[in-house]
Amino acid sequence: MDIGAGSHHSGAEDLDQAAATFESVRPRLFGIAYRILGSSAEAEDLLQDVWLRWQAYDRGIVADPGAFLATVTTRLAINTLQSARVRRETYVGPWLPEPVDTGNDPHLGAERGEALGFAVMLLLEKLSPTERAAYVLREAFDYPYGQIAEIIEASEAAVRQLVSRARKHIVSERRAPVTRAEQRRLLTVFVAAARSGDLAALEELLAADAVSYSDGGGAVRASRIPVIGAFRVAKYVRAFADRFWAGVEVEWADVNGQAAALLHRDGELFTVLTVNASDEGIDQVLWLMNPTKIAALSAAGTPTPGYSTSAPNT
């Protein structure tokens, strides 16, 4: 399938139909692009490119517009991720996926929530772009292996191997997660303990090998290396409790399909905080502080329905 821009020119009515077709599948296209790239900004830019190609293409020869657009999106996402990997090698401090508001954008998790939570997205970063794309299409969107093979231009046997490898990697690297309700409870208790600087409470919440990641992107002050181990993470959080939490208002939201604390100071969002947890406790503490990554969430303004301003529902 040639996904390059064609030389098709059409009238306004045909273009309106093209736009309607594109908008009807746009949520799925964004879901594919975001999961492959880990960046909503890059996903939005990519979809703009997909639209321009669709607008210029000879749409009369396309039997299945949804399949065609998913193919274009996936192939562009693989290419984009290959170049993005190079940029991320020079990123200042830990790189974390860009958070998306799944409370106000239910389309993201509407089909299947797989490959959306931070724990899995962090593991997807270790896969090759093609492995990641194959895993996303299969696990998050349930595409048949044969269709994935056509999309990524590989044999069906190769696709099965790619998906199998990706699954094994994620299963071997990730502990069984707690329920969403338990994740919300642990986050709530963690925020309270962090705010008060309660070292014992913090240490009790954390798994022995817990890791704290702070993504400031060099734009704000944040730890440039991960902090590892329950006691070290607890000490680290307590050390800046007084100055970090002064004047902070907490808003609870659903981000990437899990509870998150949106931390505001003087009316401005400055940190998105969430945790990943297993039966052993909180495995990862994620501080998303890069202003460009959290900008979209700063416009939320009000708590997500189903959450209170004091603590998430359990």
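Me: Over which residues does pLDDT stay under 50 with 10 contacts beyond four places in sequence?

Reply: That is the stretch of residues 5-9. This is a predicted model, so confidence is a good place to begin. Where pLDDT is low, the predicted coordinates should not be read in detail. Residues 301-314 also stay under 50, and the model gives them 31 contacts beyond four places in sequence.

Me: What does the chain average in pLDDT?

Reply: The average is 90, and 89% of the residues score at least 70.

Me: Let's try a helix. How many residues does H8 have, and what distance does it reach?

Reply: Helix H8 covers residues 156-173, which makes 18 residues. From the first C-alpha to the last it reaches 26 Å, close to the 26 Å expected at 1.5 Å a residue.

Me: Which residues of H8 are buried?

Reply: Look for Val159, Leu162, Val163, Ala166, His169 and Ile170. They cover an arc of only 125° around the axis, so they sit on the same side of H8. Now turn the helix around: on the other side, Ala157, Lys168, Val171 and Ser172 are exposed.

Me: What covers the buried residues of H8?

Reply: The cover includes three helices: H5 (118-124), H6 (129-140) and H7 (145-152).

Me: Can we zoom in on one residue of H6? Is Ala133 buried or exposed?

Reply: Ala133, which lies in helix H6, is buried, with a relative accessible area of 0%. To see what surrounds a residue, set aside its neighbours within four places in sequence; Ala133 is then in contact with Ile36, Thr74 and Ile78. You can also compare positions along the chain with positions in space: Ala133 and Ile152 are 19 residues apart along the chain, and their C-alpha atoms are separated by 8.1 Å.

Me: Next, salt bridges. How many are there?

Reply: The count comes to 18 salt bridges. For each pair, ask how far apart the atoms are, where the partners sit, and how accessible they are. Take Arg59 and Asp14, whose closest N and O atoms are 2.5 Å apart. This pair links distant parts of the chain, with Arg59 in the loop between helix H2 (40-56) and helix H3 (65-88), and Asp14 in helix H1 (residues 12-37), 45 residues apart.

Me: How accessible is each partner? Is Arg59 buried or exposed?

Reply: Arg59 is buried, with a relative accessible area of 9%. Asp14, at 32% relative accessibility, counts as partly exposed.

Me: Which residue forms a salt bridge with Arg88?

Reply: The partner is Glu42, and the closest N and O atoms are 3.6 Å apart. Arg88 lies in helix H3 and Glu42 in helix H2, so this pair ties together parts that are 46 residues apart in sequence. Both partners are buried: Arg88 has 12% relative accessibility, and Glu42 has a relative accessible area of 19%. Salt bridges can also join up, and here Glu42, Arg87, Arg88, Glu125 and Arg132 are linked in a network.

Me: What separates Glu182 and Arg185 in helix H9?

Reply: About one helical turn, because they are three residues apart in H9 (residues 180-196). Their salt bridge has its closest N and O atoms 2.9 Å apart. Glu182 counts as partly exposed at 27% relative accessibility, and Arg185 is partly exposed at 37%.

Me: Now the sheet. In what order do the strands come?

Reply: Strands of a sheet pair through backbone hydrogen bonds, either parallel or antiparallel. Here six strands form an open sheet in the order E2-E1-E6-E5-E4-E3, with mixed pairing. The edge strands are E2 (227-228) and E3 (248-255), each of which pairs on one side only.

Me: How many bridges join E1 to E6?

Reply: Six bridges join strand E1 (residues 206-215) to strand E6 (residues 281-288), and the two run parallel. To find one of these bridges, start at Leu206: its partner in E6 is Ile282.

Me: Where does Asn290 lie?

Reply: Asn290 is in the loop between E6 and helix H13 (291-298). Loop residues deserve the accessibility check too: Asn290 counts as buried, at 7% relative accessibility. Leaving aside neighbours within four places in sequence, Asn290 is in contact with Tyr91, Asp215, Gly216 and Gly217.

Technical notes: Residues numbered from 1 in each chain as written. Predicted model: local features only at pLDDT ≥ 70, side-chain atom pairs only at ≥ 80, totals over all residues. Heavy atoms only, no water. Helix = DSSP H or I, 4+ residues; strand = E, 2+ residues; numbered from the N terminus. Expected span 1.5 Å × (residues − 1). Buried < 20%, exposed > 50% of the residue type's maximum accessible area, 1.4 Å probe, protein only. Arc of directions from axis to C-beta. Contact = heavy atoms within 4.5 Å. Salt bridge = Lys/Arg side-chain N within 4 Å of Asp/Glu carboxyl O. pLDDT = per-residue confidence, 0-100. Pairing = 2+ DSSP bridges.
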